[in-house]
Each structure stands twice: as C-alpha cells, then as structure tokens.
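Student: I am new to this structure and would like a close look at a single part of it. Could you take one helix and walk me through what surrounds it?

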Amino acid sequence: AMIAELNHALDRAESDPAVRVIVLSGEGRAFSAGFDLDMGLEIGLDGGMEEEAGAGSDREAYKSAMRRELTQDFNIIMRFWDCPKPTVAAVHTYCLGSAMEMAVACDITLAASGCRFGAPEVKFGSGIVALLLPWLCGPKKAKELLLTGTDRLSAEQAQACGLVNQVVSAETLLESARAMAMDIAANDQLAVRLTKQAINRSMETAGMRRALLDGLEADIEIESTETDESRQFNDIL
C-alpha cells in the first residue's frame, strides 16, 4: 500500500506544472525503518521456505514472486532518482534499510541532528535492494556500512561520507527542506531539469544503472535462499 501511494503521489506531482520540487518526509516518530520484513509471508511463504524446495519448482515459483516484489521495491526507490523534477528528502529519527536508499536516491538529503542511518539487512539474511551506496560514498565506506550491518550511523557521519547534504535541528527540518526546495524552485525549470539529467547521465555513463541491476539480482538470490540466520530471524518475526 505504501509503495502504491508513493507512486500515486509522484504521478500527481510530476504531472502538475505548479509543482517544481518534490519534498519527501516521514510521518510520525521516524522517517522510515524500511520496507516490510515479512515480505516472504506476503507472497505466500508460510513461515519460511521448505528445505526440499531448494532445487525444485517451488523454489523457482518463490524466486519469481520474490523478483516481482523486489523489482517493485527497486523501482519506487529509483523513481526519486529518475524523477524529472528535483527531489529533496527530509529525514528524522531513523532512516534504515531501503528507506535510507530512498532518502539518498533523492537529489538533496537533509537530516535532523540525532537521526540514525543504517543498513542492517545482512544481520537477518537480506540484501540491498538498490545498491546506491558505493556510488555515493565510495566502495570502502559502502563495504563498512553494508557488511557490518550498522544501524547507528549518525547524521553527521552520513554527511561526512556524502550521503547527507545538510544536518539541521529536528525543529527546523521541514522548514529547512522547504527552504532548499524554494531555492531550487526559484531557478529556471528547464535549466534545473537538464542539469539534473546531465548529472545522472554522468553516473549512467560510468555504469551505475547496470551495476544497480546486477545488485538487484544479488538481492533476489539472497532473499530467495534460506540460511540458518534468516530462518531464525523469520521464526522470531
């Protein structure tokens, strides 16, 4: 439901000529803790994949369903990157897992002081949906964050490694995001749109899109293969 509503909101914002910049924020006590952890159950998996299905048709059906689900997740993250209009993320409290990928896929990311970022997927046998971090903070830092599964990266640390543009107080987060959006909106729309496209194309030329799709394939393999760690996590979940 969340992904459908985000797609609908982006459709409306992209088609409305009065909208020049899109601001993404989270309701409630946090920006987001990421996508649903019980995704396997939602696509018909009852408590974990049976071991004997590993090489059979059941596994292939499960993998196909997982591919559909993860591709949908990948596409909504990349909509913010590909959006023809500039996108600004305003992040508070927690921004974890695929929510972090979505936040950094936006053109500008502002974080409230005290916010925590992280990608804890490896702790429970999951993978990264949109492997943007190596392109945004470099392979060494990306490996540190993704292989340790940290969920305690501070807003200041995220800014230092290039994932966040500005750190502001929690009280002024939305005001600061709107001010950034207004600064962008005051500029020539065509120049802004083409400049964003040119920057994104430079990343595409370097092979980013192909690498992200390869990363998605790795995530599909991770999510559709049961391990002792993922089984124990799903039993708890």
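Tutor: A residue is called buried when its relative accessible area is under 20%, exposed when that area is over 50%, and partly exposed in between. With that cut-off in hand, and keeping in mind that this is a predicted model, we can turn to helix H4, which spans residues 98–105.

How many of the 8 residues of H4 are buried? The count is 8 of the 8, so the helix is largely enclosed by the rest of the structure. Listed by name, the buried residues are Ser98, Ala99, Met100, Glu101, Met102, Ala103, Val104 and Ala105.

One part of the surroundings is a sheet. Three strands make up this open sheet, in the order S3-S5-S6, and their pairing is mixed. At its edges lie strand S3, residues 94–96, and strand S6, residues 153–154, each of which pairs on one side only. Helix H4 packs on this sheet and touches both S3 and S5, while the direction of the helix makes about 100 degrees with that of S3. The two strands that H4 touches are themselves partners, for S3 and strand S5 (residues 116–118) run parallel and are joined by 3 bridges. Within this pairing, Tyr94 stands opposite Arg116 in S5.

Another contact of H4 is made through Met102, one of its buried residues, which is touched by Leu6. Leu6 has its place in helix H1, residues 2–15, and is itself buried, because its relative accessible area of 18% falls under the 20% cut-off. Leaving aside residues up to four places away in sequence, Leu6 touches Leu24, Ile76 and Phe80 as well as Met102. Of these, Ile76 is 70 residues apart from Leu6 along the chain, yet the C-alpha atoms of the two are separated by 7.6 Å.

Finally, H4 also takes part in the lining of a pocket, the second largest one, to which H4, strand S4 (108–112) and helix H9 (189–205) each supply at least two residues. This pocket holds about 340 Å³ of space and is lined by 19 residues, with Cys106, Asp107, Ile108, Asn165 and Ile199 lying nearest its centre. The largest share of the lining, 5 residues, comes from H9, and the lining as a whole divides into 12 nonpolar, 5 polar and 2 charged residues. Taken together, then, helix H4 packs on the sheet, has Met102 in contact with Leu6, and supplies residues to the lining of the second largest pocket.

Key
Residues are numbered from 1 along each chain as its sequence is written. This is a predicted model: local features need pLDDT of at least 70, side-chain atom pairs count only at pLDDT 80 or more; totals for chains, interfaces and linings use all residues. Side-chain values use heavy atoms; hydrogens and water are left out. Two strands pair if DSSP finds at least two bridges between them. Helices (H or I, at least four residues) and strands (E, at least two) are DSSP runs, numbered from the N terminus. Contact means heavy atoms within 4.5 Å. Axes are lines fitted to C-alpha atoms, for helices over the stretch in contact, and angles run from 0 to 180 degrees between N-to-C directions. Buried means under 20% relative accessible area, exposed over 50%, partly exposed in between (1.4 Å probe, protein chains only). On a 1 Å grid over the protein atoms alone, a cavity is a set of points where a 1.4 Å probe fits but cannot get out, and a pocket is an open set with protein on both sides within 12 Å along at least five of seven lines; lining residues have an atom within 4 Å of a point. Grid points are joined across faces, edges and corners, and a volume is the space filled by probe spheres set on the points. Ala, Val, Leu, Ile, Met, Phe, Trp, Tyr, Cys and Pro count as nonpolar, Asp, Glu, Lys and Arg as charged, and the others, Gly among them, as polar.
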